[in-house]
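Biologist: I'm new to reading models like this one, so could we look at it together? I'd love a close look at one part, with a little of the wider picture around it.

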Amino acid sequence: MSEVLDPEPTGEAAVVAAVRGAVVRFGPTTVLHGVDLELRAGEVHALVGQNGAGKSTLVKALMGVNPLAAGHVEVAGSRVDLAGPEDARRLGLEIVYQDQPLAPRLTVADNMFLGRERVHAGVVLDRAGMNRRARQVLERVGADCGPDDVVGDLTPTQRVQVSIAAALAAEPRVLVLDEPTAALGAAESASVFDLIRAARTDGVAVLYISHRLHEITSLADRVTVLRDGRRTSVAPAAGLSTQDIISAMVGRDLEALFPDVPHSPGEPVLEVRHLRSGELVRDMDLSVRAGEIVGLAGLVGSGASETLLALFGDRRAGGEVRLAGAAVSPSGPRAAVRHGIALVPEERRTEALFPGLSVATNLTASSLEAHARGGVLSRQQERRTAEDLVERLGIVPRSPAQDVATLSGGNQQKVVVGRWLARGGQLYLVDEPTAGVDVAAKAEIYRHLGELAAGGAAVLVVSSDFEELIGLCDRILVVRDGVVVEEIGRGEVDEEGLTARAAGAGTTEDSAAHSTSDGSADAPPPPARRPAWLRQAGVAVAMLAVVAALVAGSPGFLLSSGFWDVLRQAGTPMLLATALAVALGSGAFDLSIGAVAQLTATLSAVLVVAGVPTPLVLVAGIAAGAVIGAVNGGVTVLLRVPSFVATLGMLFLLVGIALGINGGLAVPAETRSFLLLGQGFVGPVPAIVLTAVLVIAVVALGWRYTSVGLRLRAIGDDERTTRLRGVRTGWGTVTALVLSGALSGLAGVLLASYSSGATARDVSLELLVTALAAAFLGSALTRTFLFDPATAAAGSLFVTATGAGLIANGLSDEWLGGVQGVVLLLAVLVAVARKRALGQVVIF
């Protein structure tokens, strides 16, 4: 296919967007060499090339993510300077990235409008309008989910649909789709193709990137090919064959996509009977012999991928599993590896790779024993292994010292496959082996899988690409509803027929005969899942049970004046817990809140003694906290110091400053107007309680119902996703830390008033531990286990009531610190057990 420059002939659609002479450099390396790209209204333009050819780099240049060293971007015929994705989105350019970056713990509607929220009065989210528009677009794309569904609960197909719906909701001029069907099968991909055709009909310019070349030939109007950062050809898609595209991509004719590697099945290596795991794997029977490649063909949600995880010990499972004739029950991945089981997981970024470490380290991570002597790694041997695998798999760039996170998606997949080639094993569980991998690399991976089988290993493959299963596997097992319903031999079915069988369309008596003889295909439906509100209510019920037990032991501590006393004690801790939840919920870690409160308490007492009016003391305390928060934010964002480290250093600095101010002595503050803040009443309600509740209510409402609150929550949930949606995440981090500091400053003023001055004792760590316990406990009360100001305040009230109740039941004050530590530990354990993560917190 020769280079076609395509001067605009009369009658062609207008160029909506273009990249002219794009040059992109990363350090000394030039990644794009003067690339041109034109996108026309009502046209699907395909961009293809091998992994590392520069496709993603070019797209990110178009979207303002990658700065251009030379060249420029044009929109509607005018040259534009894009400072970031937000500029591109304002001009009508929308993108759906390959990994569908969505904030997993936010709702569908929140994700769809993140960065372009609909608001009332410029501040308050128009929830009704957002949900209404989201519902309209979701119906248009055929998504089986609603605006209020949490993204983390969606299937891969639904996530793709939501990503496309989010882009279409903006009514874009240009829609960029980067591998939207990489994790989808033929049936699920069909709805995506319908959306693309509908967008083309509406006059949208669509840029489509895919390694599935049959999609290119059936969808595209024009095809641009990149190789080694250069455009090698651009031509109309009509009349192009997949072989033409392959030749332009690799610079030569490619041999057979599925290399013929002779291998003969032997004795059974894996035998599975009545395997059950979770809600999707209901009653699986299967076997894989030595020297055999077996495929599991099922639609999304069929249980095929979950079967591999259960066999690898990553999911609890029941049933009988035999490996080489011996009964095994992998208690976890480590035990599975010891048995010679290898897993290439579906989600390479989150389940397989170690970002920040080198390609060599990632390649040898599962075979450290083979590269060590006396427990000490041999870097020379590790490097030799890595260099050999880099050469065999064609990993680009060639340097094993390269950070694996900087590789393209396809090259990352090669690293995951290469890791298990380095270790070896008797059973290989391979989930989506070539997702996001170019056609040349696919042939290499297929050859290596064939060589594994030729060497006597058993290979079990799950793939949403049914053409891949048909060309690669000796046998295919059709999976529906967690059960193997049919077995198909090599050459007995085509892609259309396999898709129909996986969907359950047109099943025949013959297919029924291949179902498990014990009737497992008719296994009972899985038990209904408990609703989310019932699961999270368990923590609240447990908290109420603890308080009830304490009341039973000493009824007086929450009766009459005791109730108000507990609330007065909780006023300051509730504000500090709210402050910490704002920081944690925004992805930052503010360890300085207790020290800020102690410092502002000392400053307040000193100002009161100096005769400063109470309102000015209050303003000074809040302002001091906000300034400290701004310093924390500046150090974190501008100097790129982890917030954990920045605020830890600030903690010790503030403790020293407070000690320097008070000279190691208590500072009494006995001015009546000042004492009313912490000791006065408004009717029967303590003033400190009323102040705390009002402030927390304002913060909580802003957190949940304003665009700023949504963006802060999104940053905490997934900073990269939020940044790609055009939100200035650095600004969000600074805002969160300023707000956290201001709330801590207010808490310090109230603490000084409540205590009639400032103590000489260092209470910063005590205040911090109490707030941490409350924040983590509060996160267990939310729907998605996110940090939330309101639930953190509720957690603080529980911690305070528990302490008061224990004292009322005879516990010494000296044990309260230990009790708070136990509550913190239990709260963190609940978060880890329920979500296998610490919510939104990244410490380093």
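Biologist: What percentage of the contacts with a separation of 6 or more in the protein chain comes from residues 24 or more positions apart? And after that, which strands pair with β4?

Modeller: Happy to help! This is a predicted model, where local features need pLDDT of at least 70 and side-chain atom pairs count only at 80 or more, while totals for chains, interfaces and linings use all residues. Residues are numbered from 1 along each chain as its sequence is written, and side-chain values use heavy atoms, without hydrogens or water.

To your first question: 73% of those contacts link residues 24 or more positions apart, where contact means heavy atoms within 4.5 Å. The protein chain holds 31 helices and 28 strands (DSSP runs numbered from the N terminus: H or I of at least four residues for helices, E of at least two for strands). Of its 844 residues, 53% count as buried, that is, under 20% relative accessible area with a 1.4 Å probe, counting protein chains only.

Now for β4, which covers residues 70-75. One partner is β1 (residues 15-26), running antiparallel to β4 and joined to it by five bridges; strands pair if DSSP finds at least two bridges between them. Look for Val-19, which sits opposite Val-73 of β4. The other partner is β5 (residues 78-80), again antiparallel, with three bridges. Here Glu-74 faces Arg-79 of β5. Between β4 and β5 lie just two residues, making a hairpin, and Ala-76 in its turn has a positive phi of about 55°.

For contrast in direction, try β18 (residues 341-344). β18 pairs with β21 (residues 427-431) in the parallel sense over four bridges, and Val-344 stands opposite Val-430 there. In a regular strand, side chains alternate between the two faces of the sheet. In β18 both faces are covered: Ile-341 and Leu-343 are buried on one side, Ala-342 and Val-344 on the other.

A helix makes a good last stop. Glu-215 belongs to α7 (residues 213-219) and is buried, with a relative accessible area of 2%. Leaving out residues up to four places away in sequence, Glu-215 touches Thr-181, Phe-193, Tyr-208, Ser-210 and Ala-220. Thr-181 lies 34 residues from Glu-215 along the chain, yet their C-alpha atoms are separated by 9.6 Å.

Terms used: Buried means under 20% relative accessible area, exposed over 50%, partly exposed in between (1.4 Å probe, protein chains only).
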